[in-house]
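Thanks for coming. I have one structure to go through today, and I will keep to what can be read from the atoms.

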Amino acid sequence: MTRNNYLLCFLLFAFSLLFQASTYASADSTLQLSSDAKASILTMGPGSSLVDAFGHSAIRIEDTRRGIDVVYNYGVYDFDTPNFYLKFARGKLPYLLGVNRFEDFVRNYKAQNRWIKEQVLALNSQEVNDLFQFLQVNARPENRAYAYDFFYDNCATKIGEVLYKVAGDQIQWNLEEQEADKTFRALIYENSYWNTWGRVGMDIALGSVADRTTTPLEELFLPDYVFNAFAKADLQTPQGVQPLVQETTTLNEGPDKAPRGFWLTSPFLVFLLISLLIGYLTWKDNQQDTRNRTLDTCLFVFTGLIGLGVVLLWFATDHMATQLNYTLLWAFVLNLFMAPVAAKKEPFVQFIAYLKFLLILLALMVFHWVVGVQQFALALLPFYIALAIRYFYLLRYFRRHPLTAPERK
């Protein structure tokens, strides 16, 4: 390589560093934005994976005179965090404020075929600069982490929180115009199809706290509702009240809803087939006056394992959304420990009382479902019915074949 080539490479490298420094203004910098700077809210549509199903929100700061065009994104986490998956499961994984070049940020969502809408805010230059400085300080390594909460502290709720800290009472949200009679779970349903594994998983994991009616402010945990809230908000200025959003632009087109998945592998069809198998084996047992112990053992292990997961999410994690979970009414954790008893040819006599208890729990599940205490996975409806049928058959079977205490050999 010639001397001139070395010099050229050095100059290009130096230029790239300078460009990066200007694009990512340091959190410790005293850089002030020009009067041309503007701030906007970016809202991204749903993606194909469960974590992307509810969309995303971020803040863009653009100053063409200073060469700044960056996106502040409160939805980042570090895969290199020690015990990443354990912390994620326990609700202890810190989420981070990330800073990206606008061009890179948008390119990523375009590649995922997700719609992108931008709402330019009617903030004056001082307010935009205050917002920029606030975000810069928050982006420092010692400040960028926060305790994520699905309903109350996520990428969407942070948007309104940040704007309130900068503009304060100047913003009139006009949230009373939004619907206030929806639960957290109903709002989640708007962004998820009932017959998907992700939706079933959420219905199993989320407790009855998700079935509480939300206030208009609480609806802002979803990016769509943040977008609508900003569209309806006003800004108090010296010149009078004006809309908070002065311009809305669609940066990329995409589907409004996440894909529904393949019907042949959908949870409803899978559990319908399982339920038909349970019904067939129960019918066969009734015809032959027998009891398929393998079936009973599998049912107790399966429901018990789900119950164990529910208990752990409820008591062993910091997830607020998984508390008070009545999924235990059909996935009772003690079934896991009763599975060896169900596997016996002749269980102890108290097993009959336990079966009656399980039927009472199923009846309570129906009651909780009907009165709205908690909604359960609709795709599992055939399985709930199959469980009830099997428990009823076992009671009938043991009436014909009485058990003796403590156990017949």
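I will start with the chain as a whole, then take helix packing, salt bridges and a few buried residues.

This is a predicted model, so please keep that in mind throughout. The chain has 409 residues, and 46% of them are buried. It contains 13 helices and 10 strands. If you take the contacts between residues at least 6 apart in sequence, 77% of them join residues at least 24 apart.

Now the helix packing. Two packed helices are described by the angle between their axes and the distance between the axes. I have two pairs to show, and they share helix H11.

The first pair is H10 and H11. Their axes come within 7 Å and cross at roughly 170°. Anything over 145 degrees counts as roughly antiparallel, and H10 and H11 are therefore roughly antiparallel to each other. On the H10 side, the contact is made by Arg293, Asp296, Thr297, Phe300, Val301, Thr303, Gly304, Leu305 and Leu308. On the H11 side, the residues are Asn335, Leu336, Met338, Ala339, Ala342 and Ala343. Sorted by class, that contact has 9 nonpolar, 4 polar and 2 charged residues.

The second pair is H11, residues 335–343, and H12, residues 350–371. Here the axes come within 12 Å, and the crossing angle is roughly 140°. H11 and H12 are therefore oblique to each other. The crossing of H11 past H12 is left-handed. H11 contributes Asn335, Met338, Val341 and Ala342 to this contact, and H12 contributes Phe351, Tyr354 and Leu358. Those residues divide into 6 nonpolar, 1 polar and no charged.

Next, the salt bridges. How many does the structure hold? The count is 21. I will go through three pairs and one network.

Lys158 pairs with Glu161, and their closest N and O atoms are 3.6 Å apart. Both residues sit in helix H5, residues 157–167, and they are 3 residues apart, about one turn of the helix. Is Lys158 buried or exposed? Its relative accessibility is 9%, and the cut-off for buried is under 20%, so Lys158 counts as buried. Glu161 has a relative accessible area of 30%, which makes it partly exposed.

The second pair is Glu190 with Lys182, with an N to O distance of 2.3 Å. Glu190 is partly exposed, at 26% relative accessibility. Lys182 counts as buried, at 16%.

The third pair is Asp203 with Arg185, at 3.0 Å from N to O. Asp203 lies in helix H7, residues 197–205, and Arg185 lies in helix H6, residues 184–189, so this salt bridge ties together parts that are 18 residues apart in sequence. Both Asp203 and Arg185 are buried.

As for the network, salt bridges link Lys38, Arg60, Glu62, Asp69 and Glu118.

Let me go back to H7. Of its 9 residues, 7 are buried, so H7 is described as mostly covered. The buried ones are Gly198, Arg199, Val200, Met202, Asp203, Ile204 and Ala205. What covers them? The cover includes H6, helix H9 (267–288) and helix H10 (293–315). H10 is also the helix whose axis comes within 7 Å of that of H11.

Last, two single residues. Ile159 is found in helix H5. At 0% relative accessibility, Ile159 counts as buried. Leaving out residues up to four places away in sequence, Ile159 touches Ile41, Ser57, Ala58, Ile59, Val226 and Phe230. Its C-alpha atom is separated by 9.5 Å from that of Asn73, and those two residues are 86 residues apart along the chain.

The other one is Asn129, in helix H4, residues 125–138. Asn129 is buried, with a relative accessible area of 5%. Which residues does Asn129 contact, leaving aside its neighbours within four places in sequence? They are Leu31, Gln32 and Leu33.

To recap, H11 packs against H10 in a roughly antiparallel way and against H12 at an oblique angle. The salt bridge between Asp203 and Arg185 is made by two buried residues, and Asp203 belongs to H7, where 7 of 9 residues are buried. That is what I have.

Notes
Residues are numbered from 1 along each chain as its sequence is written. This is a predicted model: local features need pLDDT of at least 70, side-chain atom pairs count only at pLDDT 80 or more; totals for chains, interfaces and linings use all residues. Side-chain values use heavy atoms; hydrogens and water are left out. Axes are lines fitted to C-alpha atoms, for helices over the stretch in contact, and angles run from 0 to 180 degrees between N-to-C directions. Helices (H or I, at least four residues) and strands (E, at least two) are DSSP runs, numbered from the N terminus. Angles under 35 degrees count as roughly parallel, over 145 as roughly antiparallel, 65 to 115 as roughly perpendicular and the rest as oblique. A crossing is left-handed if the near helix is turned anticlockwise from the far one by less than a right angle, and right-handed if clockwise. Contact means heavy atoms within 4.5 Å. Ala, Val, Leu, Ile, Met, Phe, Trp, Tyr, Cys and Pro count as nonpolar, Asp, Glu, Lys and Arg as charged, and the others, Gly among them, as polar. A salt bridge is a side-chain nitrogen of Lys or Arg within 4 Å of a carboxyl oxygen of Asp or Glu. Buried means under 20% relative accessible area, exposed over 50%, partly exposed in between (1.4 Å probe, protein chains only).
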